Amino acid sequence: MSDTLLTARGIRKAFGDHEVLRGVDLDVRRGQVVALIGPSGSGKTTMLRSLNGLETPSAGTLEVSGGPALDFSRPVTQRERHALRDRSAMVFQQHNLFPHMTVLQNVMEGPVQVRRVPRAQAQQRALELLDRVGLADKRDAYPRQLSGGQQQRVGIVRALALSPDLLLFDEPTSALDPELVGEVLTVMKELAEEGWTMVVVTHELSFARAVADEVLFLDGGVVLERGAPAQIFSAPREERTRQFLHRLL
Ligand code: ADP
C-alpha cells in the first residue's frame with residue numbers, strides 16, 4: 001500500500017501575466033515533513049496555498065489521497081475545492097485569531113462551525129491540545145492578552161483541532177520577535193516527532209535542516225533543487241542554491 005498523502009504535478013499559477021509557478025511537482029508521504037525554501041517571491045506561499053484551495057492553479061493536477069483528483073486545466077467545482085480544503089489546515093504568518101473570542105472559543109470555532117463536532121467533544125479536544133502546547137491556563141484569555149509566540153501557538157492548536165491529514169505552515173515565525181521564535185519552532189518540532197504530515201514554508205533554515213525529511217528549493221517558480229536536508233545544505237548541486245544558503249547561513 002502506498003503511503004503517499006499528496007501528489008501535485010506540473011502546478012502552474014499566473015497572476016495576470018506574471019507566472020509565479022511554472023510547473024511544480026510535489027510528493028508528500030504520510031508522516032513526512034517537507035520544507036519549501038527559496039528567495040522572496042519565488043512562489044513558495046502560492047504553492048502552499050494551492051495545496052488547500054486558497055489559490056486555484058492555472059494548470060497541473062493535485063490529489064490528496066482519498067479525495068478527488070483535481071485537474072486545474074478544467075474548472076474546479078466548489079465541491080472539489082471544499083473536499084481539498086477539508087483535508088488540511090493552514091497556520092499563517094499572522095495567527096489570524098478572532099480578537100473578540102477567548103482562546104478556547106477560537107480553538108473550538110472551526111470544529112463546531114465547520115466540521116459540526118458536538119460542543120462538548122470540541123471543548124474536550126481543544127483543552128487537551130491547549131494543554132499539550134502549555135497554554136491550558138490561557139483558555140479564557142483574549143488574544144490581545146497573549147504574547148506573539150503564545151498567539152501563534154494558539155494558531156497551531158486551532159489548526160490541529162480540525163484533525164487535518166496535512167498541516168500547512170506559511171512562515172509561521174516570520175512575524176515574531178526573535179526571542180519568541182524558539183517556542184513556536186519547538187511546538188512544530190514536537191508535532192513532526194508525533195508523526196504529523198507537514199509542509200512548511202520557512203526562512204528558518206536550521207529548523208528545516210533539523211526537522212525536514214525533504215527540502216525543496218524554489219527559484220523563479222520552479223523547484224531548482226530537492227533532496228534530503230543534509231544534501232541540500234551541505235552539498236547543494238546548483239549555484240543558485242549555494243548563493244541563497246550562503247546569504248542566509
Ligand atoms: P514567496 O512565498 O516565495 O515569497 P509568493 O508565492 O508569496 O512568493 O509570491 C510570488 C509572486 O507572486 C510575488 O511576485 C508576488 O508578488 C506574487 N503574488 C502573490 N500573490 C499574488 C496575488 N494575489 N496577486 C498578484 N500577485 C501575487
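**Ser88 and the overall fold**

With a relative accessibility of 4%, Ser88 falls under the 20% cut-off and so counts as buried. That value, like everything else here, comes from a predicted model. As for where this serine sits, Ser88 belongs to strand E6, which covers residues 88–91. Setting aside the neighbours within four places in sequence, the residues in contact with Ser88 are Leu51, Asn52, Arg115, Pro164, Leu166 and Leu168.

Stepping back to the whole chain, the protein is built with nine helices and 10 strands. Ser88 has plenty of company in being tucked away: of the 249 residues, 50% are buried. Contacts across the sequence tell a bit more about how the chain is put together. Taking pairs of residues at least 6 apart in sequence, 63% of the contacts link residues at least 24 apart.

What about overall size? The C-alpha trace spans about 50 × 45 × 40 Å along its principal axes. The radius of gyration comes out at 18 Å, and a compact globule of 249 residues would be expected near 18 Å, so the two agree.

On the outside, the protein exposes about 11700 Å², and 47% of that area is supplied by carbon and sulfur atoms. Charge is the last item on the list. The protein carries 30 positive side chains and 31 negative ones, and the centres of these two sets lie 3 Å apart.

Key. Residues numbered from 1 in each chain as written. Predicted model: local features only at pLDDT ≥ 70, side-chain atom pairs only at ≥ 80, totals over all residues. Heavy atoms only, no water. Helix = DSSP H or I, 4+ residues; strand = E, 2+ residues; numbered from the N terminus. Buried < 20%, exposed > 50% of the residue type's maximum accessible area, 1.4 Å probe, protein only. Contact = heavy atoms within 4.5 Å. Rg over C-alpha atoms; globule rule 2.2 N^0.38 Å. Areas by Shrake-Rupley, 256 points an atom, 1.4 Å probe, with all protein chains shown as cover. Lys, Arg positive; Asp, Glu negative; His and termini not counted. Charge placed at Lys NZ, Arg CZ, Asp CG, Glu CD.
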